[in-house]
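This report describes the contact between two protein chains and then turns to selected side-chain pairs. The sequence and the structure are shown first.

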Amino acid sequence: MAILGLLIPISLLLGLVGLGAFFWALKRGQFEDPDGDAARILRKDYDQHPKD
Amino acid sequence: MSVALAQPSSRPAACPACMAAPLAEHLADLPETDSTIMLSLPQIHCAGCISGVEAALMQVDGVHSARVNLTLRRVAVEALPAISPEDLTRVLQEAGYEAHELDAALLSTTQADFQGRDLLMRLAVAFFAMMNVMLLSVAVWSGAEGVTRDMLHWISAAIAIPAVIFCGRPFYVSAFWALRGRRLNMDVPITLAIVLALGTSLFETIQSGEHAYFDAAISLCFFLLGGRYLDHRTRAGARSAAQELAALDVPRAWRIRDGIEERVAAADLVAGDLVLVKAGGRIPVDGVVREGQSELDRSLMTGETLPAFAGPDTVVNAGEVNLTGPLVIETQAAGRETALHKIAELVAVAEAGRGNYTSLADQAAKLYAPGVHILAGLSAIGWWLATQDARVSLNIAAAVLIITCPCALGLAVPAVTTAASGRLFRKGMLIKDGTALERLAEIDTVVFDKTGTLTIGAPRPVGLEALSLSAKRVALGLAQGSSHPLAIAMANRLRELDLRLADITELHEVPGFGVEGIWDGQKVRLGRAAWLGATAPDVTASFVQIGDGAAMQISFTDSLRQGAAETVAALKAQGKRVVLISGDTSGAVTRLAREVGIDEVHSEALPAEKADRIAGFAKDGAKVLMVGDGLNDTAALAAAHVSISPASAVDAARSASDIVMMGADLSVILDAVETAGQARKRIRENFTIATVYNVIAVPFAVIGLATPLVAALAMSSSSITVSLNALRLR
């Protein structure tokens with residue numbers, strides 16, 4: 001059962017990494033326009049204006 | 001981050017105007033030099049549209065960036081202060097995209113986005129905690145004992161308790177407000193179950209007990225938050241498209257003071273101000289014409305299709321559209337005093353009357369919440385009497401609450417509404433109100449407005465063949481010189497006949513009367529009957545005259561909206577009563593009613609009469625669906641059981657109605673009615689499924705056989721079944 005002492009922290013850590021990634025995506029606005037992003041990736045024109 | 005949810009509920013304000021009014025005031029204080037412009041683009045739908053819109057906007061000098069949001073159907077433009085929203089809408093219109101200014105809604109939509117994000121964040125935390133606690137619980141269920149079980153329980157508690165406190169906040173707040181208002185809603189048993197489950201589980205853990213319900217408490221939170229999020233998303237999507245309606249008209253007016261014209265907010269006008277209204281402009285105040293002659297389109301206010309003459313001393317109302325010449329109007333009433341605003345008050349009254357609809361979910365909650373509490377209380381008392389053990393009886397009470405907790409009930413309605421709204425959205429309908437579909441499923445009477453609803457609202461000339469060739473050529477030449485809607489319609493029709501243009505000189509518009517010019521040495525005129533000395537017929541008509549000859553009549557009819565007759569026929573075939581109520585003259589209304597096949601007709605109805613008639617139907621027990629588009633319909637739309645307006649309707653009408661149809665075809669109403677019926681059936685099925693689960697599981701809980709494993713299984717399987725059943729609607 002000693003293995004639990006290792007496995008539980010690892011599983012929690014992995015879960016936290018996932019949660020952190022989700023928060024990051026949420027903060028970066030990746031859920032603001034799901035339809036638009038799905039369409040944008042298929043466009044022919046290059047869509048990466050450097051910000052002026 | 002949680003500030004936004006401190007409000008009593010996440011529902012939108014009862015009427016869009018309530019949300020827009022404070023915003024509009026706030027907007028008036030802002031300098032007009034904001035560099036972010038928001039435009040609504042109701043018709044964009046694909047990658048090509050994104051590129052098209054962005055490219056068109058980027059070509060405008062002074063525009064720094066343009067970013068389309070396809071989900072919300074709008075574009076955010078960063079531009080120099082000198083660029084006005086009107087410039088940009090014109091650019092987009094030329095590029096073929098319908099666009100509307102959207103600035104006042106900006107604040108409130110970011111608020112809605114913020115709420116969605118907040119819910120999503122809580123959902124994510126709940127998911128994380130649920131998965132981990134479940135994992136630990138599996139170890140307990142598969143037979144961990146003694147110290148190991150205690151350790152697993154303690155870790156579960158450490159994850160679940162903070163997570164539940166954080167994630168369940170929307171429920172606690174809502175339950176708190178319900179209790180304060182001495183009501184019971186779905187959130188009260190939810191909160192009680194969560195608190196009791198955590199409390200007893202913590203106590204059990206401290207006592208090294210066998211059963212802890214941490215997993216149940218957190219998965220309860222997760223499933224219910226899922227339902228809330230679906231609900232929010234459905235409404236936010238429709239609202240962002242429909243909410244612009246309240247804010248679309250950013251009313252400004254030209255005020256003349258000491259001979260100088262200045263652009264002011266319509267709200268700043270007071271009685272006595274002189275206001276200039278250009279041809280094509282909407283009149284912002286009630287008043288009297290002082291200078292100029294023109295014709296007025298009153299159709300939005302009264303439903304009349306015939307443009308009315310306006311000259312000095314004509315009384316005009318806010319909301320009418322000035323057609324041909326500039327008018328100077330002396331303000332008699334502005335803002336809240338106008339007839340237009342009185343209509344808004346009628347709407348508010350009508351809405352208040354409708355507010356007592358109880359949604360299916362609330363009906364269920366009303367039966368369910370007391371039942372659950374009584375059941376839990378009784379089993380606690382029973383066990384206490386039997387065993388004299390408070391710990392056991394509290395455990396049983398917690399188990400009963402968790403087993404019966406309305407996971408499936410919380411998902412039953414939002415899952416179905418989301419699926420149904422999605423399906424109707426693809427057909428071009430926006431469902432603005434969460435209960436609109438439930439109400440639509442109940443209707444037995446359909447009331448249509450005429451102008452702009454059953455008809456397109458655009459006139460079409462008929463009987464042109466009867467005119468002589470020269471008359472047609474002259475009519476075309478004259479019609480091209482005017483921006484009057486009848487002239488434009490006539491010119492469009494005549495151009496199709498491939499005529500040689502008559503060479504007309506000295507062409508000029510006589511505002512309020514028509515156009516005249518010289519052709520072949522003779523004076524030629526196109527305009528109103530009275531101007532040309534003809535008697536006015538009871539249909540919409542223009543007259544053309546060459547020299548001193550007799551005036552020749554050109555009649556107009558309004559073209560039927562696509563699918564109008566089929567829709568009426570199908571509704572009648574379903575046994576629904578179909579009524580036409582219009583403000584137009586009885587001749588025009590009966591003619592159209594015959595064309596589409598409606599037998600019950602009321603004409604020349606004032607706005608208040610329309611609403612009264614609908615209230616009368618409702619009093620007789622009818623559930624009325626109102627379909628209308630004009631300002632004169634808004635009170636009726638708000639008074640009806642459920643209402644639909646076309647996208648071409650005035651903003652007030654669209655915000656008063658529950659459903660907006662984006663396309664021109666009326667037959668989507670049939671789809672909506674059908675989908676609504678199916679949705680109601682699915683909601684009922686979902687309630688049945690949830691109840692069956694409860695009926696099976698509750699006896700186990702009451703006799704003390706409900707282990708956390710049974711609770712977890714019952715909860716997740718019923719939630720999944722309900723969601724899958726809802727998905728069948730798509």
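A helix here is a DSSP run of at least four residues, numbered from the N terminus. Helix H4 of chain B, residues 105-141, contains Asp118(B). The model is predicted, and local features are considered where pLDDT is at least 70.

**Asp118(B) and the make-up of chain B**

Asp118(B) has a relative accessible area of 2% and is therefore classed as buried, the limit being under 20%. Its side chain is joined to that of Arg122(B) by a polar contact of 2.8 Å.

Chain B has 730 residues, of which 53% are buried. Its secondary structure consists of 24 helices and 26 strands. Of the contacts in chain B with a separation of 6 or more, 69% are between residues 24 or more positions apart.

**The interface of chain A and chain B**

The two chains meet through 23 residues of chain A and 23 residues of chain B. Together they bury about 2100 Å², and carbon and sulfur atoms give 65% of this area. Three residues, Ile8(A), Leu26(A) and Arg40(A), supply 23% of the area that chain A buries against chain B, which is more than any other three residues supply.

Charged and polar pairs also occur across this interface. Two salt bridges are found between chain A and chain B, and two residue pairs are in polar contact, with both residues at pLDDT 80 or more. One of the salt bridges joins Asp37(A) to Arg67(B), with 4.0 Å between the closest N and O atoms.

Which helices of chain A each supply at least two residues of the side that touches chain B? They are helix H1 (4-27) and helix H2 (34-40). The largest share, ten residues, comes from H1(A). By residue class, the side of chain A that touches chain B divides into twelve nonpolar, three polar and eight charged residues.

**Salt bridges in chain B**

Side chains of opposite charge can pair when their charged atoms come close. Over all chains, 19 salt bridges are found. Three that lie in chain B are listed below.

| Salt bridge | Closest N to O |
|---|---|
| Asp87(B) and Arg90(B) | 3.6 Å |
| Asp273(B) and Arg257(B) | 3.7 Å |
| Arg525(B) and Glu516(B) | 3.1 Å |

How far apart in helix H3 are Asp87(B) and Arg90(B)? They are three residues apart in this helix (residues 85-94) of chain B, so about one helical turn separates them. Asp87(B) is partly exposed at 28% relative accessibility, and Arg90(B) is likewise partly exposed, at 48%.

The pair of Asp273(B) and Arg257(B) has another setting. Asp273(B) lies in the loop between strand E6 (260-265) and strand E7 (274-277), while Arg257(B) lies in strand E5 (residues 252-257), so this salt bridge ties together parts of chain B that are 16 residues apart in sequence. Is Asp273(B) buried or exposed? With 8% relative accessibility, Asp273(B) is buried, whereas Arg257(B), at 40%, is partly exposed. Both residues belong to a network of salt bridges that also includes Arg255(B).

In the pair of Arg525(B) and Glu516(B), the relative accessibility of Glu516(B) is 10%, and this residue counts as buried.

**Aromatic pairs**

A pair of aromatic rings is described by the distance of the centres and the angle of the planes. The count over all chains is four aromatic pairs. One of them, formed by Phe22(A) and Phe23(A), is tilted, with 6.5 Å from centre to centre and 45 degrees between the planes. Phe23(A) is partly exposed, with a relative accessibility of 28%.

In chain B, why is the pair of Phe176(B) and Trp177(B) edge-to-face? The ring centres are 5.9 Å apart and the planes stand at 80 degrees; planes over 60 degrees apart count as edge-to-face. Both residues are partly exposed: the relative accessibility is 47% for Phe176(B) and 34% for Trp177(B). Chain B also holds an aromatic cluster formed by Phe127(B), Phe222(B) and Phe223(B).

Notes
Residues numbered from 1 in each chain as written. Chains lettered and ligands numbered in written order. Heavy atoms only, no water. Contact = heavy atoms within 4.5 Å. Buried area = accessible area lost by both parts, 1.4 Å probe. Salt bridge = Lys/Arg side-chain N within 4 Å of Asp/Glu carboxyl O. Polar contact = N/O pair within 3.5 Å; in protein donor to acceptor, adjacent residues only side chain to side chain. Nonpolar A, V, L, I, M, F, W, Y, C, P; charged D, E, K, R; others polar. Phe/Tyr/Trp six-rings, centres within 6.5 Å; stacked < 30°, edge-to-face > 60°. Buried < 20%, exposed > 50% of the residue type's maximum accessible area, 1.4 Å probe, protein only.
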